[in-house]
Amino acid sequence: MVLKTANGGPVGPSRRGFLSGAAALAGLAVTAPKAFARASDRIEALLAQMTLEEKAGQLSCFADMIRPPIGDMNPLVNIRNAQTLTAEIKAGRIGVLMNGVGAQAALDTQKAAVEGSRLKIPLLFAADVIHGFRTVFPIPLAEAASFDPHLAERTARAAALEATASGLHWTFAPMVDVARDQRWGRVAEGSGEDVFLGEVMAAARVRGFQGKDLKADDSMLATPKHFAAYGAVTAGLEYNSVELSEATLREVHLPPFQAAFAAGAMTVMSAFNDVNGIPATANKRLLTDLLRGEWGFKGVVISDYTADQELVAHGYAVDDRDAARLAILAGVDISMQSGLYIRYLPELVSSGAVPMAVIDAAVRRVLALKEAIGLFDNPYRSLDPKAETWHTATPAARALSREAGARSIVLLKNDAALLPLPKSGKRLALIGPFADDRDNVLGAWGGFFADRSLNVDLAAGLRAQLADPASLIVERGCEVEAAIVGGIERAVAAAQAADIVLLAVGESQDMTGEAKSRTDIRIPPVQQRLAEAVAATGKPVVVLLRHGRALALEGAVRDAPAILATWFLGSEMGNAVADVLFGVVNPSGRLPVSFPIDSGQEPFFYNGRTTGRPAPADPNAQEYKARWRSIRNDALYPFGFGLGYAAFAVSDLRLGADKLGWDEVLHVTAKVRNAGQIHGDHVVQLYIRDRVASRTRPVRELKGFQRVSLAPGAEREVRFELRRENLMFVGDNDYWIVEPGVFDVWLANSSADGLMASFELLAANSGQDPNRVR
């Protein structure tokens, strides 16, 4: 999709560029980074001098216990103290340290490698910098709700500035897994359920993390993860198996990785899960045949945390030695934390179980990565203690956190225009476990490196804008999953004393993220009881949802006159929510995930395939149709949905022609008008459907979007372009194909509405490219 903004610039990546091995469709196709075009003479000279143990060391990554952050992510696994680590570094047995912070300690550690080891090979310092460092930005899922890749690029750039100032070169982000089941905890870390949105955001975050010059002090290597299909784990259960077709793998789960590589990502992380019975970390077909062979990727593959060792528990490896053999032969260059490579690779090569050429190829890639970011020429880049002070938690970073937070909020409901609220003249009751809570504003992966003193809770954010801060009454009512003695009674009294109730309910940050799968994605029962009691007072209620996934809303929460999806917004959460509540910012977020009517609908996503018995629009005529016994299989709030305080109207949909030639461009235009009384942004979304194909196709597929900012009464034309390449899918024998026929196209406010038109894709003329690519 070549998507034009109002000023003519591109918003999304061209779909032409993300077709596996599509040499004829060059565009943004996956290409080897220039830094890896060939190994330099310096690298070859080093390789010739290295012992087997030194080679294995370059392929080993360990937790940085020399400069550990607050706490430890997994203290039970292979803890190494600082003295031991330093000795190992000097012996050339470590190539990468992860999740350590502090420029001065990193400087000292790098000196141990460069000045204390035999070959003076610098270390890479890596970390899980997911959505901010000291200053935390919205969780990636929330930021995806902005439908603004430029915003994602800016927050990733700001995170890189802080993280590199603290002595880091490499982040294990972005997560680009497409998540189709909201029970999965790691939905929070990605961009939601849609492929196109996932591609756009993946590319933006890679650009943001890495910047324009990989050798710059503030450039941080990006790592799309988890390769591959982690978002398809069965039943949304963390670490579970994945069973899916080759077509689904290529159409849904691989394109965001290709977008990240096209944007310049030079590393990738393997996944914990298996794919059709073969663990990803030992999956040669994925890591070598497809990634390196078919796509031509020349960068570095790193395992996830101890994922190589887990091949034994998978029942795929006999023991740890066998696990190391399988991982390196499959194409995993760096082993994270298990220690299997440094322990077993030398002997595996000596015994003939692993060819030396395999080890040399992996080491060559790792050394080339270090060379690409300038470590051999300047091993102390990004290790300036003064810069750490200058670039940490700056006013600019906090302002960006606040801006990103407000733009990530989605207004789901606003009956009788209850919002925005006035800053004076009304008594407000802020009720719920998140009312004045500062521990659950950052979200999954947000608190590992964060400066928690920056956290702004809801009560503080509201009071800062109220004309009379005393007009805000605060009562928690209950904890996230536990009752407070007398809590509901005090909350009801607070509601009765107020004009409007703000009900802050949802999930704690410990209920989302890795290892936080849920069987039931409803509001916890104790909070639901609180909501029912408060609603019974008859006071108007504004629900402020705290969450890292789509939720199944019910009762008083679902029926409240106003609902805001506020996610986990980072350091400035309280201020960002207050900006939207009081109308300082007109909400413009759109859902990157579908809110189901019931938890039992999961896995649920808007772009499923049609069936032979689709449910009709008439709810009374649904016998023997694709529906649940008690409800239609619809969304409560669909993907792409979101309201604002301004009313926008999309009209006059026009296609440049009713037929699209094989090598032609179809222009799709419409008018967007702000029919409201205040300035606002609207996100126009373009969807298509292939009516008849040799494989059944989704009921809709997002192919583009455009953000339009308009003053009251203003009107603007939006313009999209469709090409044959945007209509392709994976057909027989795993080839990308496109078939002539009729396509429907919508310009819409969400995946469930819009203006519709149709066009016909014409067949190729004799001698034209048949457009059949693998």
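Helix 20 (residues 573–581) lies across strand 15, strand 16 and strand 17. Helix 20 runs at about 145 degrees to strand 16. Helices (H or I, at least four residues) and strands (E, at least two) are DSSP runs, numbered from the N terminus. Axes are lines fitted to C-alpha atoms, for helices over the stretch in contact (heavy atoms within 4.5 Å). Angles run from 0 to 180 degrees between N-to-C directions.

This is a predicted model: local features need pLDDT of at least 70, side-chain atom pairs count only at pLDDT 80 or more, and totals for chains, interfaces and linings use all residues. Residues are numbered from 1 along each chain as its sequence is written, and side-chain values use heavy atoms, with hydrogens and water left out.

Helix 18 (residues 525–535) lies across strand 13 (428–431), strand 15 (500–506) and strand 16 (541–546). Helix 18 runs at about 170 degrees to strand 15.

Now the sheet. Its 6 strands form an open sheet in the order 12-17-16-15-13-14, with mixed pairing. Two strands pair if DSSP finds at least two bridges between them. Strand 12 (410–414) and strand 14 (472–475) are the edge strands, each pairing on one side only. The twist averages 15 degrees from one strand to the next. Strand 12 and strand 17 (residues 562–565) run antiparallel, joined by 4 bridges. Lys413 has Ile563 of strand 17 as its bridge partner.

Last, the largest pocket. Its lining has 28 residues, with Tyr606, Gly608, Asn633, Asp634 and Val699 nearest the centre. A pocket is an open set of points on a 1 Å grid over the protein atoms alone, where a 1.4 Å probe fits, with protein on both sides within 12 Å along at least five of seven lines; lining residues have an atom within 4 Å of a point.
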